[in-house]
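The following exercises concern surface charge, burial and side-chain contacts. Each task is followed by a solution in steps.

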Amino acid sequence: MTDLADQNARAPLGGSADPDKIATSPAPHAAGTAPMREMTADLVVIGAGSAGLSAAAGAAQLGLSVVLYEKGEMGGDCLNTGCVPSKALLSAAKAAAEIRDAGKFGIETTPPRIHWDKVKQHVNASTATIAPVDSQERFEGLGCTVIREHAKFAGPDTIISPTTRVKARRIIIATGSRAFIPPIEGLATVPYLTNETIFSIPEMPKHLIILGGGPIGMEMAQAFTRLGAKVTVVEMGKALGRADRDHAEIAIEALRDEGVTILEGYKATKIEQDGEAIRVLTEPKGGEAWTLEGSHLLVAVGRQTVFDGMDLEAGNVDHDRKGIIVGDNLRSKSNKRVWALGDAAGREQFTHIAGWHASVFTRRAFFKQGTKADSLPVPAVTYTSPEVAQLGMTEAEAREKHGDDISAPSFKFEESDRAIAEANTEGEVKLIVRKGKLLGASIVGKDAGDLIQLVSVAMSNGLGVKDLTNFISPYPTRAEGVKRAANAHYADVVFGKSARLLVSLLQRIP
């Protein structure tokens, strides 16, 4: 079955659901107050981010009555303060870097002049162009009843807001996540930034201090460095700690070469303000302590799910600090009417996972298929230059589990004709293989996030490393690297002593 939820999320205006199917009636109210609007619905969705919108669109176009609650901006974190503005900012920064690097192609340029207000105009225009797809008007056109209010449980099958009460057959919690704010002494007393505020600051930072060396921290570090700011990253462990270690180091060194200071193994212990400056005191695991003084502070140490004021107890919905406690079908274990999608499900926190969760919900709830949320490998990409893309197990994880019964064939881009022509040979493709089965892959280099999709298709459909050798790759492309890494797995078999002996015998046959 195709991915209905993803298709529906981008469907044109108009739909088959009929808003009149939602039964409504006035409720008793106190004197002087407006009556509560009473409704019944096939589906209530709480949260109009990637997961909630995809699920709501799918249900509405299948002819079901849908009530969609969103107290903030339609489109959620990804559209407004996450994926879209961050990639728009990275694109502006990349343009500045390409101007500086044009000399390697024999092109003389002057240093780029950065106009922060115009950079922000590009970021805002990118969001504004996409916003109509996620708008209230579009979803009302699909047949949803959209209520721009805070929603909470009033019972296992009932959701209320300041003006409504809805009795629902099914309820989706898709409330997303926000930046986690660590309990660092003094942090609450200084003006700090998160992904929700970094894109609207009035001026370019002189010195941006970033707490956290994960994908958000490292992407913003490179972007602001390329746009002219001084940047220091403070990371308690290893930067890009969830990526293949060898490939993470390539990206880290690339950022350092561009001027980013990255302090690994350092913990921020105290933060204070001195006039307009923000001072961060750090404590190392070993070595010399640093006291950093910057103009701006970005907190990017992780995410936490959002359940504020939802009264989950009234809905008999069990949860922990990660999210709603659900099975592999994304259904609440304590209340079978309730499903959790996206970040609220307590799994990987990616927009593409939110879309997949909406598809799992649609398949299971409406088509009664047995699709599992964890049935496919999950790709993760850090959009630095070079990009770092990870799928399935890292080499270290695979060797820890399977020992020496692992091979990691690779192909370096320095051997890629396309990469040589582009003067960008940094990185490699690495496959993780056990007995011909693909356990994972890691790619570091230009367009790594696009290239890893070849491996993702193979792994998601039960194909092995051999299948990655059996297609014609256009020349010259970087995607050839995936095929050549797969070919490397068979190099000893194809060109080894046994193969040479076999060929010599076969040559005797006329």
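A patch is made of residues with over 30% relative accessible area and no salt bridge, like charges being joined within 9 Å and nonpolar side chains (Val, Leu, Ile, Met, Phe, Trp, Tyr) within 5 Å. A salt bridge is a side-chain nitrogen of Lys or Arg within 4 Å of a carboxyl oxygen of Asp or Glu. The model is predicted: local features need pLDDT of at least 70, side-chain atom pairs count only at pLDDT 80 or more, and totals for chains, interfaces and linings use all residues. Residues are numbered from 1 along each chain as its sequence is written, and side-chain values use heavy atoms, with hydrogens and water left out.

**Exercise 1.** Determine which residues gather in a patch of positive charge on the surface.

Step 1. Lys and Arg count as positive.
Step 2. The patch brings together Arg169, Arg331, Lys333, Lys336, Arg337 and Lys368.
Step 3. Arg337 has a relative accessible area of 34% and is therefore partly exposed (between the limits for buried, under 20%, and exposed, over 50%; 1.4 Å probe, protein chains only).

**Exercise 2.** Establish whether Asn335 is buried or exposed, and identify the polar contacts of its side chain.

Step 1. Asn335 lies in the loop between E16 and E17, strands that span 303-305 and 338-340 (DSSP runs of at least two residues).
Step 2. Its relative accessibility is 6%, so Asn335 is buried.
Step 3. A polar atom of the Asn335 side chain is 2.7 Å from the backbone oxygen of Gly315.
Step 4. The backbone nitrogen of Arg337 is 3.0 Å from a polar atom of that side chain. A polar contact is a pair of N or O atoms within 3.5 Å; within protein, one must be able to donate a hydrogen and the other to accept it, and residues adjacent in sequence count only if both atoms are side-chain atoms.

Conventions: Accessible areas come from the Shrake-Rupley method with a 1.4 Å probe; for residues, only the protein chains shown count as cover. The place of a charge is taken as NZ of Lys, CZ of Arg, CG of Asp or CD of Glu. Helices (H or I, at least four residues) and strands (E, at least two) are DSSP runs, numbered from the N terminus.
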